[in-house]
Amino acid sequence: DARGMEISPERVQLCVAKGLSAIQGDANRDLEYYPDGSFDVAILSQTLQTAEHPDKMLDELLRIGRDAFVSFPNFAYWRMRFSLLVHGRMPITRHLPVSWYETENIHQLTIADFYALLDYKGVKIERSWFFTHDREIGPTYANWRAEYAVFQLSR
């Protein structure tokens with residue numbers, strides 16, 4: 001049994017048309033309506049950086065799910081840093097495909113930032129994966145080598 005939450009009514013309609021269980025909602029506000037332990041697994045895919053309060057959203061995710069998977073673009077990726085250094089402007093990349101003024105991202109985070117948040121919150125990392133060009137890379141220097149990261153978390 002799987003359920004999805006999507007803020008866009010049009011995208012919810014697309015999900016339902018494909019036979020997927022999805023509701024229209026805003027994870028910034030609507031996760032609080034789920035009881036503790038509602039799900040075995042809760043997934044937050046490429047959304048944490050768009051959250052009004054990422055730390056609170058992480059708390060809610062771990063409250064409603066026994067385990068949580070969180071993925072996000074790594075703003076410390078070396079190509080982004082290099083592009084910013086050379087061009088002096090926020091880069092447009094495959095994982096961040098729009099200009100800074102069009103993006104939904106309101107909190108730019110790095111892998112190192114996320115580790116610090118997890119440590120502060122006392123969240124346990126079960127597993128982590130780091131990717132560049134859709135190819136998994138090792139954790140060594142992932143903060144500057146990875147385009148995006150995926151973490152499996154628990155309390």
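Modeller: Buried means under 20% relative accessible area, exposed means over 50%, and partly exposed is what lies in between. The model we are discussing is a predicted one.

Biologist: Why is S21 called partly exposed?

Modeller: S21 has a relative accessibility of 41%. That value falls between 20% and 50%, so S21 counts as partly exposed.

Biologist: Where does S21 lie, and what does S21 touch?

Modeller: S21 is in the loop between α1 (9-17) and β2 (22-24). Leaving out residues up to four places away in sequence, S21 touches A2, R3 and G4. S21 and A2 are 19 residues apart in sequence, with 6.7 Å between their C-alpha atoms.

Biologist: Why is G122 called exposed?

Modeller: The relative accessible area of G122 is 54%. The cut-off is over 50%, so G122 is exposed. G122 is placed in the loop between α5 (111-121) and β5 (124-132). From C-alpha to C-alpha, G122 is 21 Å from S38, and the two are 84 residues apart in sequence.

Biologist: What makes R63 and D36 a salt bridge?

Modeller: A salt bridge needs a side-chain nitrogen of Lys or Arg within 4 Å of a carboxyl oxygen of Asp or Glu. The closest N and O atoms of R63 and D36 are 2.7 Å apart, so the pair meets the cut-off. This pair links distant parts of the chain, with R63 in helix α3 and D36 in the loop between α2 and β3 (39-45), 27 residues apart. R63 is partly exposed, at 22% relative accessibility, whereas D36 is exposed, at 59%.

Biologist: How do you know that D59 and R155 form a salt bridge?

Modeller: Their N to O distance is 2.9 Å, which is within 4 Å, so the pair qualifies. D59 is in helix α3 and R155 is in the segment after β7 (148-154), 96 residues apart. D59 is partly exposed, because its 24% relative accessible area is between the two cut-offs.

Biologist: What makes R94 and D134 a salt bridge?

Modeller: Their closest N and O atoms are 3.1 Å apart, so this pair also fits the 4 Å cut-off. R94 is in the loop between α4 (78-87) and α5, and D134 is in the loop between β5 and β6 (135-137), 40 residues apart. R94 counts as partly exposed at 44%, and D134 as exposed at 53%. Elsewhere, D26, R29 and E52 are joined into one network by salt bridges that share partners.

Biologist: How many salt bridges are there in the whole structure?

Modeller: A search of the whole structure gives 10.

Biologist: Why is D67 said to have no salt bridge?

Modeller: The nearest side chain of opposite charge to D67 is R66, 4.5 Å away. The cut-off is within 4 Å, so this pair does not count. D67 is buried and is found in strand β4 (residues 65-73). Beyond its neighbours within four places in sequence, D67 is in contact with D40, V41, A42, Q152, L153 and S154.

Biologist: Which residues line the second largest pocket?

Modeller: The lining is made of A27, N28, R29, L31, E32, E52, H53, K56, M57 and E60. The elements giving two or more residues to this lining are α2 (27-30) and α3 (54-64). The pocket has a volume of about 160 Å³.

Biologist: How do those lining residues divide by kind?

Modeller: Three are nonpolar, two are polar and five are charged. Asp, Glu, Lys and Arg are the residues counted as charged, so E32 and K56 are among the five.

Conventions: Residues numbered from 1 in each chain as written. Predicted model: local features only at pLDDT ≥ 70, side-chain atom pairs only at ≥ 80, totals over all residues. Heavy atoms only, no water. Helix = DSSP H or I, 4+ residues; strand = E, 2+ residues; numbered from the N terminus. Buried < 20%, exposed > 50% of the residue type's maximum accessible area, 1.4 Å probe, protein only. 1 Å grid on protein atoms, 1.4 Å probe; cavity = no way out; pocket = protein on both sides within 12 Å on 5 of 7 lines; lining within 4 Å. Points joined across faces, edges and corners; volume = space filled by probe spheres on them. Lys, Arg positive; Asp, Glu negative; His and termini not counted. Contact = heavy atoms within 4.5 Å.
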